[in-house]
Amino acid sequence: MARAGALLVLALVLSVFPSGSNAGCDPPVARWEGAVPLSVFQGPGLPLAPAQGDPEPLGVRVYLYRSGQQVWARLWTGGGLPAWGSLGLVLEGARGESLAVATQPVEEGARPAPVSVRAESREPVCAFWAVFLSPDPWRMEDVGARVYQGSGRVCEEER
């Protein structure tokens with residue numbers, strides 16, 4: 001009976017993560033890992049200023065995977081202060097066209113969940129990522145609010 005149960009679980013796992021998918025075994029074809037510093041919003045159109053003190057930066061990891069024509073990317077954040085806002089991830093085709101888009105709203109005080117996006121492409125792709133989170137409840141016109149704001153692009157070597 002236990003063996004039948006184990007086989008059923010294995011069959012379910014293989015149906016969710018078929019061969020060639022990212023089941024934690026395939027290494028990413030490209031990655032970016034870094035930190036987004038806590039900054040201060042000075043007003044529309046003005047550059048962000050560094051936050052005072054020694055605030056913990058927001059850790060960001062973006063991994064891009066490929067298996068044949070299947071491409072997918074995943075964005076994780078960690079550390080930093082509890083904040084609200086949004087995370088975004090876009091898979092871009094060889095000519096910069098959007099292949100797939102995913103956004104993740106983050107409610108006040110919550111920790112962001114990872115964001116994933118998946119598409120098909122024979123050509124090399126990039127994953128564009130964006131993070132905008134604030135530990136302070138604020139509106140766009142509120143000068144002095146602290147924010148984690150960053151973006152970047154992770155591309156396959158051919159791009």
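## Contacts and overall make-up

Two residues count as being in contact here when heavy atoms of theirs lie within 4.5 Å. With that in mind, take the contacts in this protein between residues at least 6 apart in sequence: 62% of them join residues at least 24 apart.

What you're looking at is a predicted model. The protein has 1 helix and 10 strands, and from the N terminus on, the order of elements is α-β-β-β-β-β-β-β-β-β-β. Of the 159 residues in the protein, 37% are buried.

## How far to trust it

Mean pLDDT for the protein is 84, with 81% of the residues at 70 or more. Residues 1-23 are another story: pLDDT stays under 50 there, and the model gives this stretch 9 contacts beyond four places in sequence. Where pLDDT is low, the predicted coordinates shouldn't be read in detail.

## The six-stranded sheet

Let's start with an open sheet of 6 strands, paired in the antiparallel sense and ordered S3-S2-S10-S9-S6-S7. Strand S3 (49-50) and strand S7 (98-106) are the edges; each has a single partner strand, so one side of each has no neighbour in the sheet. Strands of a sheet pair through backbone hydrogen bonds, and they can do that in a parallel or an antiparallel way.

Now for two of the pairings. Strand S2 (residues 38-40) is joined to strand S10 (residues 146-155) by 3 bridges, in the antiparallel sense, and here Val 40 stands opposite Arg 146. S9 and S10 are antiparallel too, with 8 bridges between them; one pair of bridge partners is Phe 132 and Gln 149, the latter in S10.

## Two spots to look up

Gly 144 is found in the loop between strand S9 (126-134) and S10. Its relative accessible area is 42%, so Gly 144 counts as partly exposed. Leaving aside neighbours within four places in sequence, Gly 144 is in contact with Val 40 and Phe 41. Ala 49 is 95 residues away from Gly 144 in sequence, yet their C-alpha atoms are 9.3 Å apart in space.

Ser 151 belongs to strand S10. It has 48% relative accessibility, so Ser 151 is partly exposed. Setting aside neighbours within four places in sequence, Ser 151 is in contact with Phe 128, Trp 129 and Ala 130. From Ser 151 to Phe 128 is 23 residues in sequence and 7.3 Å in space, C-alpha to C-alpha.

## Strands S5 and S8

Strand S5 (residues 70-79) pairs with S8 in the antiparallel sense over 6 bridges. Within this pairing, Ala 73 has Val 117 of S8 as its bridge partner.

Follow strand S8 (residues 115-120) along and you'll see its side chains alternate. Val 115, Val 117 and Ala 119 point to one face and are buried, whereas Ser 116, Arg 118 and Glu 120 point to the other face and are not buried.

## Inside the core

The largest nonpolar core is made of 30 residues. Which residues have the most contacts inside this core? They are Val 60, Leu 64, Leu 89, Leu 91, Trp 129 and Leu 133.

Val 60 makes a handy starting point for exploring. Apart from neighbours within four places in sequence, Val 60 is in contact with Trp 32, Glu 33, Gly 34, Val 36, Leu 75, Trp 76, Thr 77, Trp 129 and Val 131.

## Rings and charges

The model has 4 aromatic pairs. In one of them, the ring centres of Tyr 63 and Tyr 65 are 6.4 Å apart and the planes meet at 65°, so this pair is edge-to-face. Both Tyr 63 and Tyr 65 are buried. Through ring pairs, Tyr 63, Tyr 65, Trp 72 and Trp 76 are linked into a cluster.

Charged side chains turn up at the two tryptophans of that cluster as well. Which residue has its charged end over the ring of Trp 76? That's Arg 61, whose charged end sits 4.5 Å from the ring centre. Over the face of Trp 72 lies Arg 118, at 4.6 Å from the ring centre. Arg 118 is also one of the residues of strand S8 that are not buried.

How values were computed:
Residues numbered from 1 in each chain as written. Predicted model: local features only at pLDDT ≥ 70, side-chain atom pairs only at ≥ 80, totals over all residues. Heavy atoms only, no water. Pairing = 2+ DSSP bridges. Helix = DSSP H or I, 4+ residues; strand = E, 2+ residues; numbered from the N terminus. Phe/Tyr/Trp six-rings, centres within 6.5 Å; stacked < 30°, edge-to-face > 60°. Buried < 20%, exposed > 50% of the residue type's maximum accessible area, 1.4 Å probe, protein only. Lys NZ or Arg CZ within 6 Å of the ring centre and 35° of its normal. pLDDT = per-residue confidence, 0-100. Core = buried A, V, L, I, M, F, W, Y, C linked by side-chain atoms within 4.5 Å.
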